[in-house]
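Here are some exercises to work through with the model open beside you. Try each task before reading its solution.

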Amino acid sequence: MRAPLAAMLHLSLLCAGLLLSALACAAQYVKYVTIPAASFRTALPPDGKSASAATSTFRMRAMPVTNGEYQSFVRQHVEWRRGQVAALFADAGYLRPWAANDAFGPHLHAGQPVTHVSWFAADAYCRSEGARLPTWYEWELVAAADEQRKDARDDARWRERMLRWYSRPSTEKLAAVGKTAKNLYGVYDMHGLVWEWVEDFTGIMVSTDNREQGDPDLRKFCGAGAIAVGDRENYAVQMRLALLSSLQAAYTTGNLGFRCVRETREKAS
Amino acid sequence: MFVRALVVVMVAMVAMLTLAACGKKGDGSTDSVSGVSDTGGSAKGDFGPPQGEPIKAVLTSPPNVPPPTLRDKPAKVIVDLEVREIEQEISEGVRYTFWTFGGTVPGSFIRVRQGDTVEFHLKNHPDSKMPHNIDLHGVTGPGGGAASTFTAPGHESQFTFKALNQGLYVYHCATAPVGMHVANGMYGLILVEPPEGMSKVDHEYYVMQGDFYTTGKYREKGVQPFDMEKAIDEHPTYVVFNGAEGALTGDKALKAKVGETVRMYVGNGGPNLISSFHVIGEIFDKVWFEGGTRFQENVQTTLIPAGGSAIGEFRIEVPGTYILVDHSITRAFNKGAIAMLKADGPENKAIYSGKEVDAVYLAERAASNLAAVSQATKSAEAGTLTLNEQIKAGEALYAGTCSVCHQSNGEGLPGVFPPLAKSDYLLADPKRAIGAVVKGLSGKVTVNGKEYNSVMPPMAQLNDDEVANIVTYALNSWGNKGAAVSAADVKKVRAQASVASKPSE
């Protein structure tokens, strides 16, 4: 009970603080769940070798942002409507399946995750919710869990389950959010629905040529340089990293959505 | 000694001629042993800036190959290749998600000329879930284009390279996890023609081998996901030509006519296995091994590495079906590595007769016992044949002809082949037994209270003496006590229009 209450409290304070319409806030309750601080094995060791990743306590949206939520956002934020968004912030595919510039229309559902959104757009949305995009480590930490375990990544059967979704084209209609099994933290859809933006995707820098190891050309990548993928037997995580590293911040694709996180002052339990 | 000296002189002369001829083709070095000059490689592959209007490359789906470029000048060639992720059959009733260059496995065949400037556009379909890129082994430059073509779903990349080296090259996706991208079918071939082009042949075909890893067993029906563990262990479920079991068999077999020359551009996408590529019933007149510049002649099986290629040529001399296999042969029979080339045209019995003899061969094991058979034959001619001689001869003949089904102990196989030992069916009517041997027996019979329904072919190769001896042996073995059957009895039965082969119910 504590986490949802805290989330609601936070949301109402936020609404008051930002002087947003009380009506809009009341209309949508967005569930965030607390993810305790952690240190864990990562596919992208900070030292490029084997160091653990560390995350502070944060709260994560239990589900990705939906078409319905994003429609409310663009109705309030004209500059993020299709047709009005600056080309610098979103490519030509931005909200392409939508029926109108400010409406997803009858052939999509309010409950489906929003896709065809750029990093800039996702970032702006999260800000509007008093949140930000998760970092890769935050996302990776939560995605490592299954229904019972904090870290299911070494389970061959779990990996196989992951791969089934990862290896199929995205030609089928997207399901609504919250239909996959809830993981240990109470978060849905980390796998099996959409790719998700992360805040620091430009720092992920998986070599575009998978066979380069040890001496990549640093200039080809943003940030601190290429980091060899640490989890070589986990193809699912490699695919996600490859996807993220193929993107630019204005890119949109048909299977890429996002969720937000909030920082918290709560101590790790 | 004299002959050897002459040969040395001749070799030297050939070497000199070759030397003189190679001045125009690169002034590359000459191998002092073989007397063969090189083509100069990439250093001699730049024929200057592209000339004329840019040309859009003709891309073809396997097994087709684009037409020759027929150019004598370097051109700018634009290649548009689209990546698509598609689900289709890898075997009958078995569906698999392939990642493809151009919608097929292997990907579209690309054909350019040495010295061409290739403007390459890689388009990743919006329905793709994955980012993809392309490494062309025919590119001179780090990564072969991989970094320059890394493309998110619904996006497009472009890069340009000059095709400096002639040859047949593999291209493939190099995105992480690269093994999975290749295992899902992301490979194809690009032919960089030598400046003078390829010689004219009647057919050019595109064949490419690949290994596939599914969670289900070979031919297990339904949608079969990629199996990462099997891929890492290099234990493929399928090894196939052109992306599916049966992609080049039956109606989809490659076709040619007698007297025609067939050239195959053969690649091996892997990701893991090396191919021992072989065409059953043909000999490659020429193989440009490893897809390079030189050819070897008269080759049975050519090794094609993963990520490598070969060009093979042969002339069809006689009609029939030629089977293409990976001669690591369990892959052919248990994993799908079979393709076909069907050749029509007139028979040429002087080159290949077809089957001329189809006879029972008793081999050495039986040969020693054949003494008993010839003894029986002699005695029969002399009119002194004894029951014992007949049984001995019959035993030898039975071992070579009957025991496979009825077993050497005469007990048959339950439910399949009826027993002869203590068989009511046999003992009740020896004449009927003669008929079964001579004319065969099919349909239901009841033996010792059990029903059998199978087919015994007529043993037409046996003469009257032999049948008589076999039946006599059967009537007097394994506890059976019966009379002797004579050659005359057999002759009588053989003469009858129809045999009493109906079951006695």
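**Exercise 1. Decide whether A:H116 is buried or exposed, then describe its backbone.**

Solution. This is a predicted model, so every value below is computed from predicted coordinates.
- Step 1: Take the relative accessibility of A:H116, which is 11%. The cut-off for buried is under 20%, so A:H116 counts as buried.
- Step 2: Place the residue in the fold. A:H116 sits in the loop that runs between helix 3 and helix 4 of chain A.
- Step 3: Check the backbone. Phi of A:H116 is near 55 degrees, a positive value in a residue other than glycine.

**Exercise 2. Carry out the analysis for A:L95: find its phi, its location and its burial.**

Solution.
- Step 1: A:L95 has a phi near 50 degrees, which is positive although the residue is not glycine.
- Step 2: The loop between helix 3 and helix 4 of chain A holds A:L95.
- Step 3: With a relative accessible area of 0%, A:L95 is buried.

**Exercise 3. Work out how helix 3 and helix 4 of chain A are oriented to each other, and what makes their contact.**

Solution.
- Step 1: Begin with the geometry. Helix 3 (residues 67–76) and helix 4 (residues 119–128) of chain A pack at about 85 degrees, and their axes are 11 Å apart.
- Step 2: Classify the angle. Values of 65 to 115 degrees count as roughly perpendicular, and the two helices of chain A are therefore roughly perpendicular to each other.
- Step 3: List the partners. Helix 3 of chain A contributes A:E69, A:Y70 and A:F73, while helix 4 of chain A contributes A:A121, A:A124, A:Y125 and A:S128.
- Step 4: Sort these residues by type: five are nonpolar, one is polar and one is charged.

**Exercise 4. Test the length of helix 11 of chain B and find out how enclosed it is.**

Solution.
- Step 1: Helix 11 of chain B covers residues 464–475, twelve residues, and at 1.5 Å a residue should span 16 Å. Its end C-alpha atoms are 16 Å apart, in agreement.
- Step 2: Look at its start, where a side-chain oxygen of B:N463 comes to within 3.2 Å of the backbone nitrogen of B:D465.
- Step 3: Count the burial. Eleven of the twelve residues are buried, so helix 11 of chain B is largely enclosed by the rest of the structure.
- Step 4: Identify the cover. It includes helix 6 (370–382), helix 7 (387–401), helix 9 (424–428), helix 10 (430–439) and helix 12 (487–495) of chain B.

**Exercise 5. Locate the cis peptide bonds at B:P106 and B:P271.**

Solution.
- Step 1: B:V105 and B:P106 are joined by a cis peptide bond with omega of about -5 degrees. B:P106 belongs to the loop between strand 3 (94–101) and strand 4 (110–113) of chain B.
- Step 2: Another cis bond joins B:G270 to B:P271, with omega about 15 degrees. B:P271 is in the loop between strand 14 (261–270) and strand 15 (275–280) of chain B.

**Exercise 6. Describe the surroundings of B:T321.**

Solution.
- Step 1: B:T321 is part of strand 20 (residues 320–326) of chain B.
- Step 2: Its relative accessibility is 42%, so B:T321 counts as partly exposed.
- Step 3: Leaving aside neighbours within four places in sequence, B:T321 is in contact with B:M340, B:L341 and B:K342.
- Step 4: B:K255 is 66 residues from B:T321 along the chain, and their C-alpha atoms are separated by 9.3 Å.

How values were computed:
Residues numbered from 1 in each chain as written. Chains lettered and ligands numbered in written order. Predicted model: local features only at pLDDT ≥ 70, side-chain atom pairs only at ≥ 80, totals over all residues. Heavy atoms only, no water. Helix = DSSP H or I, 4+ residues; strand = E, 2+ residues; numbered from the N terminus. Expected span 1.5 Å × (residues − 1). Buried < 20%, exposed > 50% of the residue type's maximum accessible area, 1.4 Å probe, protein only. Contact = heavy atoms within 4.5 Å. Polar contact = N/O pair within 3.5 Å; in protein donor to acceptor, adjacent residues only side chain to side chain. Axes fitted to C-alpha atoms, helices over the stretch in contact; angles between N-to-C directions. Parallel < 35°, antiparallel > 145°, perpendicular 65-115°, else oblique. Nonpolar A, V, L, I, M, F, W, Y, C, P; charged D, E, K, R; others polar.
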